[in-house]
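Trainee: Could we take a close look at one part of this model? I'd like to start with a single helix and then see what lies around it.

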Amino acid sequence: MNDLLPLAGILVVDDHGIVREGLMALLGKQEGFQVLGSAASGAEAIAAAKRLKPDIVIMDLLLPDMSGIEATELILGSLPLTRIIVLSACRTIEHVYRSLRAGARGYLVKDALASDLIHAVRAVRSGKQFLSPSVTPPTIDAANCFSLPRSPLERLSVREREVLRRIVDGASSAVIAQHLSLSRKTIDTYRGRLMAKLGVCNRSALIRFAIENEFAV
């Protein structure tokens, strides 16, 4: 057992029972870890965190009553010393930014290895940050997650946001060009710029990114 740190009390938050049970079993076997409980929703997570005062919360982002990002902000509002690690199927750059902005100290995707999660808990417990290499945007310094630039969606110009909104609505480049009094070539240029900024490779992925990240003008 680590002589420098007491047991790390852990709360597991996920709306899938089999995932919660698997995570609790995995983490409960590790030296220096103590699983305090679990929660299946944001409200349960907030109540459990206030009651159990965990050192670490393993937080899913897709919860039935609120986003894990909102739950993270509310937990940290009451328990600023608690450290939250996001473990989610969401892997877009925007999800990473929003989670870190909310105060998460780690971010892993659910296809990570069990050893990655264990390493993340140990790193975050010792005061470090941990980001899965597969989701670490090049503009984020993994050693200093709190010095964040604006997120990809926040960096869009007013015109780019307007073009994106119309793309999400299903409008073609020709229709968008007509509505905005621009040439089709200009709209295609905007679309290419949007894909580059948001890290996607085609129109379908662009629309999916906007929907997954609750894009609004």
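Which exposed residues does the face of α7 turned away from its buried side carry?

Mentor: Gln 178 and His 179 are the exposed residues on that face of α7. Before we go on, bear in mind that this is a predicted model: local features need pLDDT of at least 70, side-chain atom pairs count only at pLDDT 80 or more, and totals for chains, interfaces and linings use all residues. Residues are numbered from 1 along each chain as its sequence is written, and side-chain values use heavy atoms, with hydrogens and water left out.

A word on the terms. Buried means under 20% relative accessible area, exposed means over 50%, and partly exposed is in between (1.4 Å probe, protein chains only). Helices (H or I, at least four residues) and strands (E, at least two) are DSSP runs, numbered from the N terminus.

Back to α7, which spans residues 173–180. Its buried residues are Ser 173, Ile 176, Ala 177 and Leu 180. They sit on the same side of α7 because they cover an arc of only 100° around the axis (the arc is that of the directions from the helix axis to the C-beta atoms). The general background is handy here: an α-helix has 3.6 residues a turn, so residues three or four places apart point the same way. The cover over the buried residues of α7 includes α6 (158–168) and α8 (184–198). Right after the helix, Ser 181 has a positive phi of about 55°.

Now for the packing around it. The largest nonpolar core has 20 residues; such a core is a set of buried Ala, Val, Leu, Ile, Met, Phe, Trp, Tyr and Cys residues joined through side-chain atoms within 4.5 Å. At least two residues of this core come from each of α6, α7, α8 and α9. The largest share, 5 residues, is supplied by α8. Leu 153, Val 163, Leu 164, Leu 194, Leu 198 and Leu 206 have the most contacts inside this core. Take Leu 206: setting aside neighbours within four places in sequence, it is in contact (heavy atoms within 4.5 Å) with Leu 164, Ile 167, Arg 191, Leu 194, Met 195, Leu 198 and Val 200. There is also a second, separate core of 18 residues, which includes Val 12, Leu 117, Ile 118 and Val 124.

Leu 153 turns up again at Asn 213, in the segment after α9 (203–212). Asn 213 counts as buried because its relative accessibility is 4%. Beyond its neighbours within four places, Asn 213 is in contact with Thr 92, Glu 94, His 95, Arg 98 and Leu 153. Asn 213 and Leu 153 are 60 residues apart along the chain, with their C-alpha atoms separated by 8.9 Å.

That contact list also takes us to α4 (residues 93–102), where 7 of the 10 residues are buried. Glu 94 and His 95 are among them, along with Val 96, Tyr 97, Ser 99, Leu 100 and Ala 102. These buried residues pack against α9 as well as α3 (68–78), β4 (83–88), β5 (106–109) and β6 (130–131). Gly 103 follows α4, with a positive phi near 120°.

From there you're at the sheet. It is open, with 6 strands in the order β2-β1-β3-β4-β5-β6 and parallel pairing (two strands pair if DSSP finds at least two bridges between them). β2 (33–39) and β6 each have a single partner strand, so each edge strand has one side without a neighbour in the sheet. Inside the sheet, β3 is joined by 4 bridges to β1 (residues 8–13) and by 4 bridges to β4. Both faces of β3 are covered, with Ile 56 and Ile 58 buried on one side and Val 57 and Met 59 on the other. Ile 56 is the bridge partner of Ile 10, while Ile 58 stands opposite Ile 85 in β4. In turn, the bridge partner of Ile 85 in β5 is Gly 106.
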